[in-house]
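Student: Please pick one part of this model and look at it closely. After that, show me what else there is to see around the chain.

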Amino acid sequence: MKRGAILSVMAVAAMALSAAPPASAEGKTYKIYLSNNFIGNDWRQQMERVAEVSVKKGPLAGRVDLKIENAEGTVQAQINSLNNIIRSKPDAILIDAASAEALNPTIKKACDAGIVVISFDQVVSEPCAYALESDWTRIPAVLAEWMAKQLNGKGKVFVDRGLAGAPISAQLEKGYLDVLKKYPDIEVIGNYNGEYALGPEQAGVASLLAAHPEVDGILTQGYGSGAIKALQDAGRKVVPVTAFSYNVAATTCAQTEGAACILGSNPAFLSSEAIKLAVDILDGKPKPADRHILVNGDFLATNGGDWKSELYPTATIQKIEIGKNAWPDRPPGLTLPITPDWVEITAEEAAG
């Protein structure tokens, strides 16, 4: 699969003009650290694997001496790790952060030392650092719009609240509800906390099914396949489901008779995009005028190609197809899409 992320139109339009890269930068190898605060799920492990692959091939081959440090557990552990990294004087530091604010003084210290700092995925608020993340406004809006169109603007739905206390969970839920409010004949009849895990998702939907004799759609923040399994176990018809682009979600949607699904993506190759941005900046290429950069991953849908978003007409929606973007023989937690446009990362390489 070759489709991947693109910089948002606004970010591209804001690229500042500058002189050609200095000759001294051409072909130089840069020492770049990736600081990751958490390695305990499939996404983070894939994120590190694709970072390592992307510096060994394509335009970055031979350009990056990449070092990855995992600071498990606490904000303080990542701060201590970053202080050690700063003392080694790398050219750039990439950070998947434990906190949006607590790392800021340490990051400012790195910037003051002339180090390029790029936060990605879980980004920081320190203005000297670049922030590169998925567009968390666009994703739930497109998913909820798709659901509304599947239901022809009328029906009863369950909405996943994600993980209690997590800011991104609240943002996704709000994104769903903001769109559904435009359809007064769509009623939210139940909520559950899916916790981004198959077990809680299936249990949460099963509990709601026991209390509600009728449901027409389920908006999850996780795998979607847990919701489908709950419907099947309850002997209920499979209703339209929104979810995120894990391999198990794509394969379940492709292989379940009557399933209608759309999957949003927070691509694990955000790490690769952060590395490429760092190299471009170090090479003296034009810098984004806005330090907050949104990355748009493709959507996957059972009716991809037949449906277009009216809210985001430029959104790319691939049709879910076995062997193209869904692999029954690959790990269920593999995150899709796998590769950005500028380098080919295979399913085998991403799965490790």
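Tutor: The account below starts with one strand, moves to the pocket that it helps to line, and then visits other places.

This is a predicted model, so local features need pLDDT of at least 70 and side-chain atom pairs count only at pLDDT 80 or more, while totals for chains, interfaces and linings use all residues. Residues are numbered from 1 along each chain as its sequence is written, and side-chain values use heavy atoms, with hydrogens and water left out.

The strand is E6, residues 130-134. Helices (H or I, at least four residues) and strands (E, at least two) are DSSP runs, numbered from the N terminus. In E6, 5 of the 5 residues are buried, so the strand is largely enclosed by the rest of the structure. Buried means under 20% relative accessible area, exposed means over 50%, and partly exposed is in between (1.4 Å probe, protein chains only).

Which strands pair with E6? Strand E5 (residues 116-120) runs parallel to E6 and is joined to it by 3 bridges. Strand E12 (residues 292-296) also pairs with E6 in the parallel sense, over 4 bridges. Two strands count as paired if DSSP finds at least two bridges between them. On the E5 side, Ser119 has Ala131 of E6 as its bridge partner. On the E12 side, Ser134 stands opposite Val295. In a regular strand the side chains alternate between the two faces of the sheet.

E6 also helps to line the largest pocket: E6, helix H2 (42-54) and helix H6 (167-180) each supply at least two lining residues. H6 gives the most, with 4 residues. The volume of this pocket is about 990 Å³. Among its 30 lining residues, Asp121, Gln122, Ile168, Tyr196 and Asn266 are the closest to the centre. By class, the lining has 16 nonpolar, 9 polar and 5 charged residues. Here Ala, Val, Leu, Ile, Met, Phe, Trp, Tyr, Cys and Pro count as nonpolar, Asp, Glu, Lys and Arg as charged, and the others, Gly among them, as polar.

A pocket is open, whereas a cavity is closed: on a 1 Å grid over the protein atoms alone, a cavity is a set of points where a 1.4 Å probe fits but cannot get out, and a pocket is an open set with protein on both sides within 12 Å along at least five of seven lines; lining residues have an atom within 4 Å of a point. Grid points are joined across faces, edges and corners, and a volume is the space filled by probe spheres set on the points.

How many cavities of 30 Å³ or more does a search of the whole structure find? The search finds 1, and the largest cavity has a volume of about 30 Å³. Its lining is made up of Leu82, Ile86, Ile93, Ile95, Thr106, Ile107, Ala110 and Val117. Helix H3 (75-87), strand E4 (92-96) and helix H4 (104-112) each give two or more of these residues, and H4 has the largest share, 3 residues. This lining holds 7 nonpolar residues, 1 polar residue and no charged ones.

In the loop between H3 and E4 is Lys89, whose phi is near 55°, a positive value in a residue other than glycine. Lys89 is exposed, with a relative accessible area of 69%. Asn152, in the loop between helix H5 (138-150) and strand E7 (155-160), also has a positive phi, near 55°. Asn152 is exposed too, at 71% relative accessible area. Most residues other than glycine have a negative phi, and most peptide bonds are trans. The bond from Leu336 to Pro337 is cis, with omega near -10°, and Pro337 is in the loop between E14 and helix H11 (347-351).

The last stop is helix H10, residues 270-282. H10 is mostly covered, with 11 of its 13 residues buried; Leu270, Ala274, Leu277 and Ile281 are among them. From first C-alpha to last, H10 reaches 18 Å, close to the 18 Å expected at 1.5 Å a residue, where the expected span is 1.5 Å times one less than the number of residues. Just after H10, Gly284 takes a positive phi of about 85°.
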